[in-house]
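Me: Please take a close look at one part of this model for me. I would like the sheet, and then whatever sits around it.

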Amino acid sequence: MLVGYARVSTQEQDPALQLDALQAAGCERIFHEKASGAQRDRPQLAETIAFMRAGDTLVVWKLDRLARSLKQLIETVEALHERKIGLLSVTEAIDTTTSGGKLIFHIFAALAEFERAIIRERTASGLEAARKRGRFGGRPASLNSDDLAAAKAMLKDPDITVEQVAKRLSVAPSTLYRHLPGGRGGID
């Protein structure tokens, strides 16, 4: 069964072009929604995928209607593949139910993996270069040794709560617990 999915990003946009293309492609059922591609939570897409069975093909007008990034697209197609559901993009002429379509899609996946590896290498090189210059990444500690000593002193008084100490030091209570494992019991 061919099942269509159409998406427009804003309320002002009209999905008619996509719906017409999906009907022309032979879709027996079409789902559509108005939601930004950046949103991970798209109820109609989830409903579309839940509706589909092994052997079905998800049909989209363009790949960007299905996912915002190549990574997201690959994850979606892999999830479809695990359920034995194909993907057909009308405008890009990619059909993962054919060997040629699978090849094109795997080339996309390989390029995305290569891009992620290059980004990791650049990041590691940049961090190493910064370390050699004496610079270290990360956020500065939210509590210095004086703050920690003050917190311990205040917490020795059973009438003062962790929340009060955290507020006084302008940190979250979780920050105090991270620096004082065991809470009051961990104070020496």
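Reply: Start inside the sheet, with one pair of residues. Val 59 stands opposite Leu 88 in strand 4. Four bridges join strand 3 to strand 4. These two strands run parallel.

Bear in mind that this is a predicted model. Strand 3, residues 57–60, has the highest mean pLDDT among the elements of the protein chain, at 96. The lowest mean belongs to helix 4, residues 99–132, at 85. For the protein chain, the mean pLDDT is 87. Of its residues, 96% reach 70 or more. Where pLDDT is low, predicted coordinates should not be read in detail.

Now widen the view. The sheet is open and has five strands. Their order is 2-1-3-4-5, and the pairing is mixed. Strand 2 and strand 5 (94–95) each have a single partner strand, so one side of each is left without a neighbour in the sheet. These two stand at the edges. In general, the strands of a sheet pair through backbone hydrogen bonds, either parallel or antiparallel.

Go next to the strand 2 edge. Strand 1 (residues 2–8) and strand 2 (residues 29–34) are joined by six bridges. They run parallel. One residue to pick out is Val 8, whose bridge partner in strand 2 is Lys 34. Helix 1, residues 16–24, belongs with this pair: strand 1, helix 1 and strand 2 make a β-α-β unit, and the unit is right-handed.

Leu 19 shows how that helix meets its surroundings. This residue is found in helix 1. Leaving out residues up to four places away in sequence, Leu 19 touches Ala 6, Ile 30 and His 32. For a sense of span, compare Leu 19 with Asp 147. They are 128 residues apart along the chain, and their C-alpha atoms are separated by 62 Å.

Finally, turn to the largest pocket. About 280 Å³ of space lies in it. Its lining has 15 residues, and those closest to its centre are Val 77, His 81, Thr 96, Lys 102 and His 106. Helix 3 (70–82), strand 4 (86–89) and helix 4 each supply at least two lining residues. Helix 3 gives the largest share, five residues. By character, the lining of the largest pocket divides into seven nonpolar, five polar and three charged residues. Strand 4 thus appears twice in this account: it is joined to strand 3 by four bridges, and it supplies at least two residues of the pocket lining.

Methods. Residues are numbered from 1 along each chain as its sequence is written. This is a predicted model: local features need pLDDT of at least 70, side-chain atom pairs count only at pLDDT 80 or more; totals for chains, interfaces and linings use all residues. Side-chain values use heavy atoms; hydrogens and water are left out. Two strands pair if DSSP finds at least two bridges between them. A crossover is right-handed if, with the strands pointing away from the viewer, the path from the first strand over the helix to the second runs clockwise. pLDDT is the predictor's confidence in each residue, from 0 to 100. Contact means heavy atoms within 4.5 Å. On a 1 Å grid over the protein atoms alone, a cavity is a set of points where a 1.4 Å probe fits but cannot get out, and a pocket is an open set with protein on both sides within 12 Å along at least five of seven lines; lining residues have an atom within 4 Å of a point. Grid points are joined across faces, edges and corners, and a volume is the space filled by probe spheres set on the points. Ala, Val, Leu, Ile, Met, Phe, Trp, Tyr, Cys and Pro count as nonpolar, Asp, Glu, Lys and Arg as charged, and the others, Gly among them, as polar.
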